[in-house]
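Student: I'm new to this one, so could you zoom in on a single part and take me through its surroundings slowly?

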Amino acid sequence: MANQNSLRTSCGKITDTIIQMTIPHFHQRQVNIYVLLGNSIILVDTGHLHKSSFRLLEKALLDLGLSFKDTKYIIYTHPHIDHMGGALVLNKLNKEVINVS
């Protein structure tokens, strides 16, 4: 796996209220996470549980002026660790988040 300094997250605006984040994880693979903006934040997937992936998600949110505490809902597309693993940590940081699958 590449070292932490070589891992990059890309963000793209799909619409004014939908942002796509591409977060790297193991074996040079990536996962897409979507941020739905409104009165509160909805995350669609949370990425891998590995701390480097989770930190990249956290940094990408901070770069947008957001944080995990702003997240109201998490929607999971399917039960793979690279799509819902980050929620294990996120749910500890934000006890108010509602998980939807």
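Tutor: Let's fix some words: a residue is buried at under 20% relative accessible area, exposed at over 50%, and partly exposed in between (1.4 Å probe, protein chains only). This is a predicted model, where local features need pLDDT of at least 70 and side-chain atom pairs pLDDT 80 or more, while totals for chains, interfaces and linings use all residues. Residues are numbered from 1 along each chain as its sequence is written, and side-chain values use heavy atoms, without hydrogens and water.

Our part is the loop between strand S4 (41–44) and helix H1 (51–63), where you'll find Thr46. (Helices, H or I with at least four residues, and strands, E with at least two, are DSSP runs numbered from the N terminus.) Thr46 counts as buried because its relative accessible area is just 1%. Follow its side chain and you arrive at the backbone nitrogen of Gly86, 3.3 Å away. A polar atom of that Thr46 side chain also sits 2.9 Å from the backbone nitrogen of Ala87. Skipping neighbours within four places in sequence, Thr46 is in contact (heavy atoms within 4.5 Å) with several residues, among them Ile33, Leu57, Tyr76, His83 and Met84. Gly85, Gly86 and Ala87 belong to that list too.

Stay in the loop between S4 and H1 and you'll meet His48. With 12% relative accessibility, His48 is therefore classed as buried. Its side chain has a polar atom 2.9 Å from the backbone nitrogen of His50.

Now step past the loop to helix H3 (residues 87–93), which is the place of Leu88. Leu88 has a relative accessible area of 52%, so this residue is exposed.

What about the interior? The largest nonpolar core holds 20 residues, and Met21, Val35, Leu43 and Leu61 have the most contacts inside it. (Such a core is a set of buried Ala, Val, Leu, Ile, Met, Phe, Trp, Tyr and Cys residues joined through side-chain atoms within 4.5 Å.) Both elements flanking our loop, S4 and H1, give two or more residues to this core, as do strand S2 (18–25), strand S3 (29–36) and H3. H1 supplies the largest share, with five residues. Take Leu43 as an example: leaving out residues up to four places away in sequence, Leu43 touches partners including Ile33, Tyr34, Val35, Leu61 and Leu90. Thr71, Tyr73, Ile74 and Ile75 are also among the residues that Leu43 touches.

Helix H1 has a charged pair as well: Lys59 and Asp63 form a salt bridge, with the closest N and O atoms 2.9 Å apart. (That takes a side-chain nitrogen of Lys or Arg within 4 Å of a carboxyl oxygen of Asp or Glu.) Since Lys59 and Asp63 are four residues apart in H1, about one helical turn separates them. Lys59 is partly exposed because its relative accessible area is 45%, whereas Asp63, at 58%, is therefore exposed.

The structure holds two salt bridges. One of them joins Asp16 to Lys13, with 3.2 Å between the closest N and O atoms. Asp16 belongs to the loop between strand S1 (10–15) and S2, and its 62% relative accessibility is why Asp16 counts as exposed. Lys13 is exposed as well. To finish with some scale, 29 Å separates the C-alpha atoms of Asp16 and Ile81, which are 65 residues apart along the chain.

Key
Polar contact = N/O pair within 3.5 Å; in protein donor to acceptor, adjacent residues only side chain to side chain.
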